[in-house]
Amino acid sequence: AGVHVFDAVRDAATEGRYALTQHLREALDRHEFKLYYQPKLDLASGCITACEALARWPHPRRGMVPPDMFITALEQTNLILPFTLWAIHTALQQRQTWRARGWNIDIAVNVPPVVLMNPEFLAFLDSRESLDGVTLEITENVFLGDLDRLAAVVASIRARNVGFSIDDFGTGYSSLQRLRQTAVSEIKIDRSFVKDMLASKDDAVIVHSTIELAHNLGLRVVGEGVENAETLARLAELRCDSIQGYHICRPLPPAALEEFLGRSAWPPARLAPAQASA
C-alpha cells in the first residue's frame, strides 16, 4: 500500500476542512443561513420588477461571515446542492408572499455550474408547483464545460418556464457564439465596467456595445453596480433594460426591503387584477 510520511501542515488543513464542512452542515440544519434581496429597477416602467436573492450567514458567534468565504467552501463539498435547493425554495416562498401583497416581483437565484448539471436539480425543479417568475443566474465559467450538454440542460430548464441570466458578463469565457448556442434570456454587465463608464471611454464603449449586441440577440440586459444617478441616466439612454446597485438599494432582509419599497421612489410592480385573483 506504500508508505505515507506524516505532514503536520497537510493534516491540519484536512482537519480544518472537515471542521468547516461540519459547521456548514450544522448551519444548514439549524437554518442559520438567510436570504437577503437586492432589487432590480426596470428602466422602462420605473418599477422594481425583480430581486436577486443573496445568501448571508449571520453566525451566532462569529457574526456575519463573508459570502465569498462560505459559498466557496460549500462549492467544495457535497453541501452545495442542498444549499442551492434551500435557496430556491426560500426565494419561491418569498415571491409568493409578495404576490399575496399584490407585488409582481420576480426572483433571481444564483446556481453554481456543478448544481446546474446535476440530475437531482432537474428533479427538484419538477417537484415545484410553479416556477413562474424565476430566473437562474449562472456565471460565465459554466461555458468551460461541455457546451452541447450545457445547451441541452438550459433548454430543458427553460421549458419549465425558468429564465436564465449570465452573471458578471464580460469577465469570463463566454462569447456571442456560445450565447447563441444556449437559450439564455438575459446578461448582466459586470460592475467593473459599469462603475467607471462615465469616466472611462473604454468602459463606456464596452457597455454600449454589449447592450446593442445583446439586444440584437434578443436578450435583456441588466447593468450591475450602479452607484449614482448619472450612471442610471446614461444606462437609460443606452436602452439598458434594468439596473441593480447601491444607488437603488443594498441587499436587505425581507422585512427591511418591504419597508424600503413602501417609501421608495421606485415602487414595486403590481399584479394585474386577473393575476391577483388567480
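**Notes on a predicted model: parallel strands, two helices and some single residues**

1. Three bridges join strand β6 to strand β7, which covers residues 186-189, and the two strands run parallel. The model is a predicted one, and the points below should be read with that in mind. Two of the pairings between these strands can be named: serine 165 has glutamate 186 of β7 as its bridge partner, and isoleucine 166 has isoleucine 187 as its partner in that strand.

2. Strand β6 itself spans residues 163-169 and is mostly covered, with six of its seven residues buried. Besides β7, strand β6 also pairs with strand β5, which is made of residues 134-139, and here the pairing is in the parallel sense over five bridges. One of the partnerships links threonine 139 to aspartate 167 in β6. Between these two strands the chain passes from β5 through helix α6 to β6, and this β-α-β crossover is right-handed.

3. On the other side of the description stands β7, which is joined by four bridges to strand β8, residues 220-223, again running parallel. Within this pair, isoleucine 189 stands opposite glycine 223 of β8. Which way do the side chains of β7 point, and are they buried or exposed? Glu186 and Lys188 point one way from the strand, Ile187 and Ile189 point the other way, and all are buried. As a general matter, the side chains of a regular strand alternate between the two faces of the sheet.

4. Helix α6, residues 147-158, has twelve residues and reaches 16 Å from its first C-alpha to its last, which is close to the 16 Å expected at 1.5 Å a residue. Its buried residues are Leu147, Leu150, Ala151, Val153, Val154 and Ile157. Seen down the axis of α6, these buried residues fall within an arc of 165°, and they therefore line one face of the helix. At the N-terminal end, aspartate 146 caps α6, with a side-chain oxygen lying 3.1 Å from the backbone nitrogen of aspartate 148.

5. Helix α2, residues 67-75, can be described in a similar way, its buried residues being Phe70, Ala73 and Leu74. Seen down the axis of α2, they fall within an arc of 100°, so that they too line one face of their helix.

6. Two residues deserve a look for their backbone angles. Histidine 31 has a phi near 60°, a positive value in a residue other than glycine, and its place is in the loop between α1 (8-29) and β1 (34-42). Is histidine 31 buried or exposed? With a relative accessible area of 55%, histidine 31 is exposed.

7. Arginine 239 likewise has a positive phi, near 65°, in a residue other than glycine. Arginine 239 is placed in the loop between α10 (229-237) and β9 (242-243), and at 48% relative accessibility it counts as partly exposed. Arginine 239 and glutamate 212 are 27 residues apart in sequence, and their C-alpha atoms are 8.6 Å apart in space.

8. Glutamine 244 is found in the loop between β9 and α11 (254-263), and at 3% relative accessibility it counts as buried. What does the side chain of glutamine 244 make a polar contact with? The partner is the side chain of glutamate 52, at 2.7 Å.

9. How many disulfides does the structure hold? The number is zero. For cysteine 51, which is in no disulfide, the nearest cysteine sulfur is that of cysteine 249, at 8.1 Å; because a disulfide requires two cysteine sulfur atoms within 2.5 Å, that separation does not qualify. Cysteine 51 is buried, with a relative accessible area of 0%, and cysteine 240 is buried as well, with a relative accessible area of 5%.

Key: Residues numbered from 1 in each chain as written. Predicted model: local features only at pLDDT ≥ 70, side-chain atom pairs only at ≥ 80, totals over all residues. Heavy atoms only, no water. Expected span 1.5 Å × (residues − 1). Buried < 20%, exposed > 50% of the residue type's maximum accessible area, 1.4 Å probe, protein only. Arc of directions from axis to C-beta. Polar contact = N/O pair within 3.5 Å; in protein donor to acceptor, adjacent residues only side chain to side chain. Pairing = 2+ DSSP bridges. Right-handed = clockwise from strand over helix to strand, strands pointing away.
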